[in-house]
Each structure stands twice: as C-alpha cells, then as structure tokens.
Amino acid sequence: MVAIKAPQAAAFMKTPPANLSAVLFFGSDPGLVTERSQVIALALAARENPAGEVLRLDESDLDEDPGRLGVELQTRPMFSGRKIIRTTAGRRINAALLKDILDGAPLEGFLVVEAGNLKPDDALRSLFEDRPTLAAVACYPDTAADIDTLINDVLTAHSMRITTQARALLQSRLGADRALSRAEIEKLALYAMGSGQISEDDVEAIVGDAADLALEKIAEAAATGRAVTAVSDYGRAIATGESAQAIILIMQRYFLKLHRVRADLDGGRSLDDALRSLRPPLHFKQRDIFAAQVRNWSRASLDAALTRIAETAKAARLSSQLEDTLAERLVLAISAMAAPSTAASRAARRR
C-alpha cells in the first residue's frame, strides 16, 4: 500500500481498506499518533462480527514473554472477532521483530503500531510502506484548518459558541500536539460552561500555549522517573526543530511549580488548596500525576533539581554548540533523581 500522506490521513481513517492487516502511525505530533491509533483500533474492532477485542502490548510485556506479540497476532479468539493489538515501537518492538512476524503465518489479528518521527529511509517506515496490506500514516502538527475543525467539533459537542476574536487567539495557542489541543479546548469549554459563549478573556485565563504544553510532557516524564519516555519525547521535540534551551526553560518552570506546591504543603496547606492556586490551572488529566509528584519529591530534592536545571541553563547559554547534549543529560539526571523517590513511595504504599 502506498504511504498515507498527512493530507490523505482523514480519508484513510474514515474508511480503512478492507484488506488492511497492519498500520503504522508515525510523525512529530505524538498526540495525533495516539489519537489515530485509538480511533482506528476501535473502528477495526467494531467492524468484526462479533466485535473484536483491543489489546495493548508494550515493551514490558515482551520483556516477560518475548514471543507474546507474535502469538497474540496469530491466535484467533474462540468467542469474539479478531484481536486488534496496539503497541509502540521501541527497543524490542522494532522493524526486525515486526518483519519476522509479518513474514510468518498470515495474521489472525490486526496490528496497530505507534512511532515517533521516522525518516523516509527508516526500516520500520519502509516495512509498512512497501507491502500491499500494510499502511504507514504520517501524523504531523495540525494546520490552521485542522485546528479550526477541532475547535468546532469540541465546542459543538458542548453546545458552546466562541467569538471571532477568541477563536483567533485560541488558534494561535494550539497545534503542537493534537491530544493537548483537544484537552485545552475541552478545558476551555468546561471553564466557560453556563455562559454559552467563549470570550478572549476566557481563552487568556485558561488556555496555555500548546507548544509549551507539548514540551512540558518531557518534564512530567522526568519528574516521574520515566527516563526512557522523557528522552524519547526530548529527541522527538529536537527533531521537530524545538530549541534545547527552550526545553530547559520548560523544565525549570515545571519544577518551580512543583516546588511552590511542595512548599505550600510543608507550610500546612492542603494539597487540594495548593493545586487550586496554580495559574494557569492544571488540566484535570494532569492533576493526579502532578499531585503524585508533589508527594514523591521532598523540598530538598526539588531544591537540588532546580539547582541542576539552573546550572545546565547557564552552561547551555555559554556553550550553545553543546546545548543539545547538556539538555539531554539534564533530562536523564532529573529522571534518575526522581526514580528513588518514586520507588520509596511505592514501597511505603505496599507496607
């Protein structure tokens, strides 16, 4: 099947080919990759009679059972339609493994793979572009028209209107990541609920810049000790043209927020009150992760993290040719600092 270019993706998603057996979603918009992967998995499951089952397999599943992905794809369920297996490309789930599976017995299930921004000659991308029953779908940041359609879709679902000026301002703050853009519009709709119409003031009060929010995911992963995810998100951001120094700044802002809430907590304020005082407010999907991070990081460890970030920011300004390396080392260092706190917290909960 030919590669599905970004402008062709909407039509492909609306009517997936009948002979499709596996699809790869890749590109610089991780939110769009995830959204399309989820949508097509559900569509393929619904197309089965009886309905198929959507199963998520990740690297950790293959660490325990290296052959599980192939077994799941080549086993037909007795009491349901074919399985739809969703997975993410990585250390184990790579072009070599998937080629072996696809070259083997015919698949009894569907395979949906998510990946980052792949070069045209990447082995994984070539594998999906060169076979007639496979597809590789490009997922790049939304155009102005895409963003406008997304705004209309979300606000219509909430029976909300938006002024022309507010729409223009909202459009300027969206587009770096589909999932974050959708979440920001939903948050805005909930914020303005009851007024019937969204104004510029509403957008100013509640919607952050989507590019910053996309980069904030790097800081979020590092603060939870998820080094692999943090470094992967960092590499994806650099590949799309983001500045290493901008990422360092976002890390600093994120840890300053953690520090502020941790200080409020140590001063006797309740966690809920401290979180509610943040401006702009956290999206509801971020709240639980951020709250867990506040609990896991001590004031002293946050002081140390902010010192490390400030030192890296200074070094990057003085040696711009090394800024990419310095920022990546910072992401790894912060992730390593978070890991002991996270492990201790889990151990305490088990006791």
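This report walks through the overall build of the protein chain, then its aromatic rings and two backbone details.

The model is predicted, so local features need pLDDT of at least 70 and side-chain atom pairs count only at pLDDT 80 or more, while totals for chains, interfaces and linings use all residues. Residues are numbered from 1 along each chain as its sequence is written, and side-chain values use heavy atoms, leaving out hydrogens and water.

**Overall build**

The protein chain has 17 helices and seven strands; these are DSSP runs numbered from the N terminus, with helices (H or I) of at least four residues and strands (E) of at least two. Its C-alpha trace spans about 60 × 50 × 50 Å along the principal axes. The radius of gyration is 22 Å, which agrees with the value near 20 Å for a compact globule of 351 residues; the radius is taken over C-alpha atoms, and the globule rule is 2.2 Å times the number of residues to the power 0.38.

Of the 351 residues, 46% count as buried. Buried means under 20% relative accessible area, exposed means over 50%, and partly exposed is in between (1.4 Å probe, protein chains only). Contacts (heavy atoms within 4.5 Å) reach a long way along the sequence: among those between residues at least 6 apart, 77% join residues at least 24 apart.

**Aromatic rings**

The structure holds four aromatic pairs. Rings of Phe, Tyr and Trp (its six-membered ring) pair if their centres lie within 6.5 Å; planes under 30 degrees apart count as stacked, over 60 as edge-to-face and the rest as tilted. Here are two of the pairs:

| Pair | Centre distance | Plane angle | Type |
|---|---|---|---|
| Y254 and F255 | 6.2 Å | 65° | edge-to-face |
| Y254 and F290 | 5.6 Å | 80° | edge-to-face |

The Y254 and F290 pair links distant parts of the chain, with Y254 in helix α13 (residues 244–266) and F290 in helix α15 (residues 284–296), 36 residues apart. Both of these residues are buried, with Y254 at 2% relative accessibility. F255 is buried too, at 0%. Ring pairs link Y254, F255, F290 and W297 into a cluster.

**Two backbone details**

Most residues other than glycine have a negative phi, and most peptide bonds are trans. The bond from N49 to P50, though, is cis, with omega near 0°. P50 sits in the loop between α2 (30–47) and β2 (54–56).

S159 has a positive phi, near 55°, and isn't a glycine. You'll find S159 in the loop between α7 (144–157) and β6 (161–162), where it is exposed, with a relative accessible area of 65%.
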